[in-house]
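Here is a short report for a reader new to this structure. Have a look at the chain first, then read on.

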Amino acid sequence: MQDAKNRFSEVVEAARRSPQTVTKHGKPAVVVVDVAEYERLQQFERANAPSFADVLLAMPQDDGDFSRDPVRMRDVEL
């Protein structure tokens, strides 16, 4: 990461050609990508994301019947 900070303009130029992985302590931390590639990925994600209506319709419909575990009610002092 320190090397990427010191040479940030080079990282940006390289990212215009292909994604650049920046590591921290030897492990991948972030990927720097060209803005056109980022926008393409965003469009792909939006195109494949379910609509809110699809999410609601996919919820289990069990007529409100569900099992409950037996639990002891807590003591309340009045």
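The text below covers a helix and its packing, a hairpin, the salt bridges and a surface patch.

## Helix H2 and its two sides

This is a predicted model. Start with helix H2, which spans residues 8-17. Which residues of H2 are buried? They are Val-11, Ala-14 and Ala-15. Seen down the axis of H2, these buried residues fall within an arc of 105°, so they line one face of the helix. The other side of H2 holds exposed residues: Ser-9, Arg-16 and Arg-17.

What do the buried residues of H2 pack against? Their partners are helix H1 (2-6), strand S1 (20-24) and strand S2 (27-32).

## The hairpin

Strands S1 and S2 also pair with each other. Their pairing is antiparallel and runs over 5 bridges. Two partners in S2 can be named. Thr-23 has Pro-28 as its bridge partner. Thr-21 stands opposite Val-31.

The two strands form a hairpin, with 2 residues between them. His-25 sits in the turn. The phi angle of His-25 is positive, at about 55°.

## Salt bridges

Side chains of opposite charge can pair when their charged atoms come close. How many salt bridges does the structure hold? It holds 5. The table lists some of them, with the N to O distance for each pair.

| Salt bridge | N to O distance |
|---|---|
| Asp-3 and Arg-7 | 3.8 Å |
| Glu-13 and Arg-16 | 3.2 Å |
| Glu-37 and Arg-40 | 2.8 Å |

Take the pair of Asp-3 and Arg-7. Asp-3 has a relative accessibility of 47%, so it counts as partly exposed. Arg-7 is at 41% and therefore also counts as partly exposed. Both residues belong to a network of salt bridges that links Asp-3, Arg-7 and Glu-10.

The pair of Glu-13 and Arg-16 brings us back to H2. The two residues are 3 apart in this helix, so about one helical turn separates them. Is Glu-13 buried or partly exposed? Glu-13 is partly exposed, because its relative accessibility is 39%. Arg-16 is at 54%, so Arg-16 counts as exposed; the cut-off for exposed is over 50%. Arg-16 was named above among the exposed residues of H2. Here its side chain meets that of Glu-13 in a salt bridge.

The pair of Glu-37 and Arg-40 lies in another helix, H3, which covers residues 35-48. Again, 3 residues make about one turn of the helix. Glu-37 has a relative accessible area of 29%, so it is partly exposed. Arg-40 is partly exposed too, because its relative accessible area is 45%.

## A nonpolar patch

Now turn to the surface. Which residues make the nonpolar patch? Phe-52, Leu-56 and Met-59 do. The area of the patch is about 340 Å². Helix H4 runs over residues 52-57, and Met-59 lies in the segment after it. Why does Met-59 count as partly exposed? The reason is its relative accessibility of 47%, because partly exposed covers values between the buried limit of under 20% and the exposed limit of over 50%.

## In brief

H2 turns a buried face toward H1, S1 and S2. S1 and S2 form an antiparallel hairpin. Salt bridges join side chains in H2 and in H3. Phe-52, Leu-56 and Met-59 make a nonpolar patch on the surface.

Note on methods:
Residues are numbered from 1 along each chain as its sequence is written. This is a predicted model: local features need pLDDT of at least 70, side-chain atom pairs count only at pLDDT 80 or more; totals for chains, interfaces and linings use all residues. Side-chain values use heavy atoms; hydrogens and water are left out. Buried means under 20% relative accessible area, exposed over 50%, partly exposed in between (1.4 Å probe, protein chains only). Helices (H or I, at least four residues) and strands (E, at least two) are DSSP runs, numbered from the N terminus. The arc is that of the directions from the helix axis to the C-beta atoms. Contact means heavy atoms within 4.5 Å. Two strands pair if DSSP finds at least two bridges between them. Patches are made of residues with over 30% relative accessible area and no salt bridge: like charges are joined within 9 Å, nonpolar side chains (Val, Leu, Ile, Met, Phe, Trp, Tyr) within 5 Å. Accessible areas come from the Shrake-Rupley method with a 1.4 Å probe; for residues, only the protein chains shown count as cover. A salt bridge is a side-chain nitrogen of Lys or Arg within 4 Å of a carboxyl oxygen of Asp or Glu.
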